[in-house]
Amino acid sequence: MTLLGLFGIFLLIIISISLATIEAAFYLAKRRNLHKMADEDSPEMEKLGHYFEDPPSILMPIHIGTYTAHVAMTVILTVLLLDLLSHWAVLVALVTMFVYLLIFRLTLPYAIARRAPERVLLTLIRPFHRYAILLRPITTLLRRRAAGLDDEDSNGQSGSVRVPSTHSE
């Protein structure tokens, strides 16, 4: 179980750093530099153009992935530390995750993306786009709920059911 847990944490670290690096590069990139680096008709430029036009379409999958990875890392770390530290396992896991977030979620991705954010985006956009497509049902639902469009029917009206009155008119 320990080896499997450590492998799981390692995998989650890779996912977390990758997604955080895409986010950092997205914030640091300049569109005019992207156009210089890639062909206008390239699939990567088309995808990036969509993401720049609609930032939540890139940011929501990033946040869902990083938050899920961090919660899972905290749980796995706590489970691994329970036998070793018993009562202190939760505190040690939380402090460890706090330090991890400061170094590997906030500092390292910006250090990676700072020198060439456009290149980072062009490199990572293809695998990220596949991931974003997988999460599209969730992100679409969340975006609709945030906009107040819970369950629209085909007429564009709210999905609420009208209950006929029992009083005769």
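A residue counts as partly exposed when its relative accessible area lies between the buried class, under 20%, and the exposed class, over 50%.

**View 1. The whole chain of a predicted model, built from helices.** The protein contains 6 helices and 0 strands, and, read from the N terminus on, its elements follow the order α-α-α-α-α-α. Of its 169 residues, 35% count as buried, while the accessible surface comes to about 11,400 Å², with 64% of that surface belonging to carbon and sulfur atoms. When contacts between residues at least 6 apart in sequence are considered, 77% of them join residues at least 24 apart.

**View 2. Ser 86 in the loop between helix H4 and helix H5.** Helix H4 covers residues 56–85, and Ser 86 has its place in the loop between this helix and H5. Is Ser 86 buried, partly exposed or exposed? Ser 86 has a relative accessible area of 41%, and because this value falls between the two cut-offs of 20% and 50%, the residue is classed as partly exposed. The phi angle of Ser 86 is near 40°, which is a positive value in a residue other than glycine.

**View 3. Arg 105 in helix H5 and the residues it touches.** Arg 105 belongs to helix H5, which spans residues 89–114. Its relative accessibility is 11%, and since that is under 20%, Arg 105 counts as buried. Leaving aside residues up to four places away in sequence, Arg 105 touches Ala 20, Glu 23, His 63, Thr 66, His 70 and Tyr 100. With Glu 23 there is also a polar contact, made between the side chain of Arg 105 and the side chain of Glu 23 at 2.7 Å.

Definitions and conventions
Residues are numbered from 1 along each chain as its sequence is written. This is a predicted model: local features need pLDDT of at least 70, side-chain atom pairs count only at pLDDT 80 or more; totals for chains, interfaces and linings use all residues. Side-chain values use heavy atoms; hydrogens and water are left out. Helices (H or I, at least four residues) and strands (E, at least two) are DSSP runs, numbered from the N terminus. Buried means under 20% relative accessible area, exposed over 50%, partly exposed in between (1.4 Å probe, protein chains only). Contact means heavy atoms within 4.5 Å. Accessible areas come from the Shrake-Rupley method with a 1.4 Å probe; for residues, only the protein chains shown count as cover. A polar contact is a pair of N or O atoms within 3.5 Å; within protein, one must be able to donate a hydrogen and the other to accept it, and residues adjacent in sequence count only if both atoms are side-chain atoms.
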